[in-house]
Amino acid sequence: MGKIDENRLKADLKAGQLARAYFLYGKEDYLVRFFAEKIVVLAVPEDARDMNFVKYSEKPKADELSDQLENMPFFSEYKCVLIKDLDIESMDNAEHKAYLALIENIPETSVLVVAQENIEYDLKKLKAKTKKFMAAVEAVGVSCEMKYLSAAKVAQRAQREAAKAGCSISPQNAAYLAQECSNSLTELDNELSKLCAYKNGGEITLGDIEALVPKRIDSNIYNLAKELFAGRTGSALEILNGLFVQRTEPFMILAAMSGHFTDLYRAKLGQLAKKSSYDTAKAFNYPPNRSFVMDGAYRSVNRLSERYLGECVAVLYRTNKLLNSSKADKRQLIERAIIEISALPK
């Protein structure tokens, strides 16, 4: 009982082991949903679900929830209650105490699943009611944070799911698709189903992905920087124009540019220190699912100097200050930053 990771939860369910309570949360909402469904299926057979399974999409009253959990199962080993996106912090003190008490007294014949698909938490800054709620669940069951999978695992999933749909995709294109989907399994499934329907049994090519998967701002900024490094300022400005045509907010554009150039600067520092991209990503606290960012940055900075990248970051920092304080046209400020960067010696 207590806090466990996804692998432990998977192993427990595979072994048929159920706890009395589960609190599932995290950035990867696909896995929150996936494991909540797995628990329900394990707890209550489909033919006994009408009498033994209750699902709430809104917060149930504590006494109603208590009644559901206290009821004995009919022709099933367990009674299961699933609550999606429970708003814990909106509870008043009396309701919160009632929830804590019913969790403490969940019968051995009942399973409570709280699946927070659309609620994210910073574990270092948990509010008091949520912290106590999680502790109560962990006393009789488990909490599990669903993190984004690594880029490699998401790419492997893309290949498996494409094969199930009668299509194929190369490892390189699967990795690119995973990157375009920001390593989100929910986004990956949505885009992959669209690609497979389009190909109808064929191979998913890079051209298919480029044509059908909406461009993420990060991809555009990557291409913009590449044009700048090659001395093609006009092409870089064309990419910027495309972002404005798509009505991308100037603050989002500059934030993406600043993030990308900061990644590059950190990669250069790592190279100069003779560290691997993995060690550099770890040193700068990049989450595992974002390690591919540093891998790409390492490949991009071989011919770029530390001084040049540092000055690029400084230009973007000054532009950000102007964007927040000046009444000047925001598009012109970003265009000027690109021109300034293009004039810097590499």
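1. Two strands are taken to pair if DSSP finds at least two bridges between them. On that basis, 6 strands form an open sheet in the order β1-β6-β2-β5-β4-β3, with parallel pairing. The edge strands are β1 (2–4) and β3 (53–56), each of which pairs on one side only. Direction ignored, neighbouring strands of this sheet are turned by 15° against each other on average. Strands (E, at least two residues) and helices (H or I, at least four residues) are DSSP runs, numbered from the N terminus.

2. The model is predicted: local features need pLDDT of at least 70, side-chain atom pairs count only at pLDDT 80 or more, and totals for chains, interfaces and linings use all residues. Residues are numbered from 1 along each chain as its sequence is written, and side-chain values use heavy atoms, with hydrogens and water left out.

3. At one edge, β1 runs parallel to strand β6 (residues 142–145), and 3 bridges join them. Ile 4 stands opposite Cys 144 in β6.

4. Two helices lie across strands of the sheet. Helix α1 (residues 6–14) lies across β1, β2 (21–25) and β6, and runs at about 100° to β1. Helix α4 (residues 62–70) lies across β3, β4 and β5 (110–115), at about 150° to β4. Axes are lines fitted to C-alpha atoms, for helices over the stretch in contact (heavy atoms within 4.5 Å); angles run from 0 to 180 degrees between N-to-C directions.

5. Helix α13 (residues 250–272) has 23 residues and should span 33 Å at 1.5 Å a residue; its end C-alpha atoms are 33 Å apart, which agrees. The expected span is 1.5 Å times one less than the number of residues. The buried residues of α13 (under 20% relative accessible area, 1.4 Å probe, protein chains only) include Ile 253, Met 257, His 260, Phe 261 and Leu 264. An α-helix has 3.6 residues a turn, so residues three or four places apart point the same way. The buried residues of α13 pack against α11 (217–229), α12 (233–245), α14, α15, α16 (306–325) and α17 (330–342).

6. Positive phi values deserve a separate entry. Lys 274, which follows α13, has a positive phi near 60°. Asp 85, in the loop between β4 (79–84) and α5 (93–104), is a residue other than glycine with a positive phi near 55°. Asn 285, in the loop between α14 (277–283) and α15 (291–300), is not a glycine either, and its phi is positive at about 60°.

7. Is each of these two loop residues buried, partly exposed or exposed? Asp 85 is partly exposed (from 20% to 50%), with a relative accessible area of 23%. Asn 285 is exposed (over 50%), with a relative accessible area of 67%.
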